[in-house]
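Work through the exercises below with the model open. Each solution goes step by step.

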Amino acid sequence: MAVEELVEVKFRLADGSDIGPSKYSSSTTVGSLKEKIVAQWPKENENGPKSINDLKLINAGKILENNRTLGESRLPLTEVPGVAITMHVVVRPPLPDKNSDTLQDNAKKKGGCSCSIL
């Protein structure tokens, strides 16, 4: 019976802090990793993710897809044995309020061009 490989991963947030490192099975999906990040998100950080759709995970410059497994997303050539893989976490900025968008659009329409023709 084959023993499933465990992969040590830490998640680097935009402010330079980390979540983890923790060990995960190589069959763990990127979507479930994102769920763990949302659950462990530091409460003192503003603008935290509300769901996994607010997050992007990046490993070695590649954005990881939710349905892929950790094993499929790894890049062994960039990994150092015995060192946790660092994945970068990008949080989608909150969507602007629709009312404020309408006000901005109206202001742009009224502004027009400020050039003068001589």
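**Exercise 1.** Find the salt bridge between the side chains of Lys10 and Asp18, then identify the network that Lys10, Arg12 and Asp18 belong to.

Solution. This is a predicted model.
- Step 1. Start at Lys10. Its side chain meets that of Asp18 in a salt bridge, with an N to O distance of 3.8 Å. The cut-off is 4 Å, so the pair qualifies.
- Step 2. Turn to Arg12. Arg12 also bridges to Asp18, and here the closest N and O atoms are 2.4 Å apart.
- Step 3. Join the pairs. Lys10, Arg12 and Asp18 are linked in a network of salt bridges.
- Step 4. Check accessibility. Asp18 has 32% relative accessibility, so Asp18 is partly exposed. Arg12 has 26% and is likewise classed as partly exposed.

**Exercise 2.** How many salt bridges does the count come to? Locate the one formed by Glu72 and classify its two residues.

Solution.
- Step 1. The count comes to three salt bridges.
- Step 2. Glu72 pairs with Arg68, and their closest N and O atoms lie 3.4 Å apart.
- Step 3. Glu72 has a relative accessible area of 45%, which means partly exposed. Arg68, at 34%, is partly exposed too.

**Exercise 3.** Lay out the open sheet and name its edge strands.

Solution.
- Step 1. Write down the order. The open sheet has five strands, arranged S2-S1-S5-S3-S4, and the pairing is mixed.
- Step 2. Mark the edges. Strand S2 (18-25) and S4 are the edge strands, as each pairs on one side only.
- Step 3. Add the helix. Helix H1 (residues 30-40) packs on the sheet and touches S1, S2, S3 and S5. The direction of H1 makes about 115° with that of S3.
- Step 4. Assign the parallel pair. Strand S1 (residues 6-12) and S5 run parallel, joined by four bridges. Lys10 has Thr86 in S5 as its bridge partner.
- Step 5. Assign the antiparallel pairs. S3 and strand S5 (residues 85-91) run antiparallel, with four bridges between them. S3 and strand S4 (residues 62-63) are also antiparallel, over two bridges.

**Exercise 4.** Which residues of strand S3 (residues 55-59) are on the covered face, and which on the uncovered one? Then trace the bridge partners of Leu55 and Ile58.

Solution.
- Step 1. Recall the rule. Side chains in a regular strand alternate between the two faces of the sheet.
- Step 2. Apply the rule to S3. Leu55, Leu57 and Asn59 make up the covered face, while Lys56 and Ile58 make up the uncovered one.
- Step 3. Follow the bridges. Leu55 has Val91 in S5 as its partner. Ile58 has Ile63 in S4.
- Step 4. Inspect the turn. S3 and S4 form a hairpin with two residues between them. Ala60, in the turn, has a positive phi of about 55°.

**Exercise 5.** Is Asn59 buried or exposed? Find the backbone oxygen that lies 3.4 Å from a polar atom of its side chain.

Solution.
- Step 1. Place the residue. Asn59 lies in strand S3 and belongs to its covered face.
- Step 2. Read the area. Asn59 has a relative accessible area of 5%, so Asn59 is buried. The cut-off for buried is under 20%.
- Step 3. Name the partner. The backbone oxygen of Ser73 is 3.4 Å from a polar atom of the Asn59 side chain.

Key: Residues numbered from 1 in each chain as written. Predicted model: local features only at pLDDT ≥ 70, side-chain atom pairs only at ≥ 80, totals over all residues. Heavy atoms only, no water. Buried < 20%, exposed > 50% of the residue type's maximum accessible area, 1.4 Å probe, protein only. Pairing = 2+ DSSP bridges. Polar contact = N/O pair within 3.5 Å; in protein donor to acceptor, adjacent residues only side chain to side chain. Contact = heavy atoms within 4.5 Å. Axes fitted to C-alpha atoms, helices over the stretch in contact; angles between N-to-C directions.
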